[in-house]
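User: Could we go through the backbone and the strand pairing of this entry together? I have a few short questions.
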Amino acid sequence: MIASSKKGQWFELIAPMEWQGITSEQLFSKVWQAPKKLTHLLKMNKEVMINGKPVVWTNPLKMGDRLQIKLFSDVDFGLIPQYMNVNIVYEDEHLLIAEKPPGTNTHPNEPGQTNTLANGIAYHLQAKGEFRQVKHIHRLDRDTSGVILFAKHAFIGALLDKMLEERQIKRSYSALVCGKILNKKGTIDAPIGRDRHHPTKRRVSPKGQRAVTHYEVVNVKKNATLIRCSLDTGRTHQIRVHLSHIGHPIVGDKLYGNSPKETRLHLHAVELKFVHPLTFEQIQVTSPIDWD
């Protein structure tokens, strides 16, 4: 973990021994893998300093140097803040993790839309006096509940996007599925594409995008199995499509199964785990659920 602090609009990091000898240019491009466009904007706006002076990007860093980046300027939320009883399970100056209830969209799908988790996050930030553009790093289906990661400024958003792409953000899900799964664990590696007969449905298709889901049996019940899933890819409805494909649709899944008596989809994002890209702190949050 790196010593850091927020000072007004500036974020300050104390360079650790591991950064000794690398240049600021290399820190942004190699260590953080920050997008070139974003780094260029910071350069042009003179929003990076070393020990209180404008950075010389080609000079090597020394252990103990104070690296300052202007990250906390006020910006428009990008959507309408709306009061909502949001459960925040983790938050710092850069990111937050919130629980999404079932039946709620992650974010607006059109301008002016409200009643989404992102609207509630915007209101939460506004109430704290933090005017940040709300950006979800991943999403959950409307009927899926559980933890979602949000970025509070563009720089951390770009770093987290890259981490998600490189599978450095680990996500685990709890699902109650129909029938008894006999194998203790397994992997479903089957490509997923659009169903041309339905506007929102997906299906396993040889022409689809590769999709990989791992599962492990937690408990076998009378007519259902409780499993824990993790993903190597993030396709739309991936877990739901894959489990239905192997003959074990999720309980309550009216789109991919047949559970008319159930009031909700039994799929919940139970855990997020990753290393904070700016402080290098290990972040692990859990959101337990009991399907009984």
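Analyst: The exchange below covers strand pairing and then two backbone torsions, and the model is a predicted one.

User: Let us begin with the open sheet. What is the order of its five strands?

Analyst: The order is β1-β2-β5-β3-β4, and the pairing is antiparallel. The edge strands are β1 (4–7) and β4 (53–54), each of which pairs on one side only.

User: How many bridges hold β2 and β5 together?

Analyst: Five bridges connect strand β2, residues 10–14, with strand β5, residues 66–70, and the sense is antiparallel.

User: And which residue in β5 is the bridge partner of W10?

Analyst: That partner is K70.

User: Changing topic to β9: is it enclosed or open to the outside, and why?

Analyst: Strand β9, residues 145–151, is largely enclosed by the rest of the structure, because seven of its seven residues are buried. The cut-off for buried is under 20% relative accessible area.

User: Which strand is joined to β9 by six bridges?

Analyst: That is strand β7, residues 95–100, which runs antiparallel to β9. Within this pairing, E99 has V147 of β9 as its bridge partner.

User: What about β8 and β9?

Analyst: Strand β8, residues 135–136, is joined to β9 by two bridges, again in the antiparallel sense. One bridge places K135 opposite A151 of β9.

User: In which sense do β9 and β16 pair, parallel or antiparallel?

Analyst: They pair in the parallel sense, over two bridges, with β16 covering residues 267–275. G146 has A269 in β16 as its bridge partner.

User: Now the torsions. What is the phi of Q33?

Analyst: Q33 has a positive phi of about 55°, although Q33 is not a glycine. Its place is in the loop between α1 (24–31) and α2 (36–44).

User: Is Q33 buried or partly exposed?

Analyst: Q33 is partly exposed, as its relative accessible area is 34%.

User: And H237, what is the phi there?

Analyst: The phi of H237 is positive, at about 60°, and H237 is not a glycine either. H237 is found in the loop between β15 (224–231) and α5 (238–245).

User: Why does H237 count as buried?

Analyst: H237 counts as buried because its relative accessibility is 12%, and the cut-off is under 20%.

User: Could you sum up the two torsion cases for my notes?

Analyst: Q33 combines a positive phi of about 55° with partial exposure at 34%. H237 combines a positive phi of about 60° with a buried position at 12%.

Key: Residues numbered from 1 in each chain as written. Predicted model: local features only at pLDDT ≥ 70, side-chain atom pairs only at ≥ 80, totals over all residues. Heavy atoms only, no water. Helix = DSSP H or I, 4+ residues; strand = E, 2+ residues; numbered from the N terminus. Buried < 20%, exposed > 50% of the residue type's maximum accessible area, 1.4 Å probe, protein only. Pairing = 2+ DSSP bridges.
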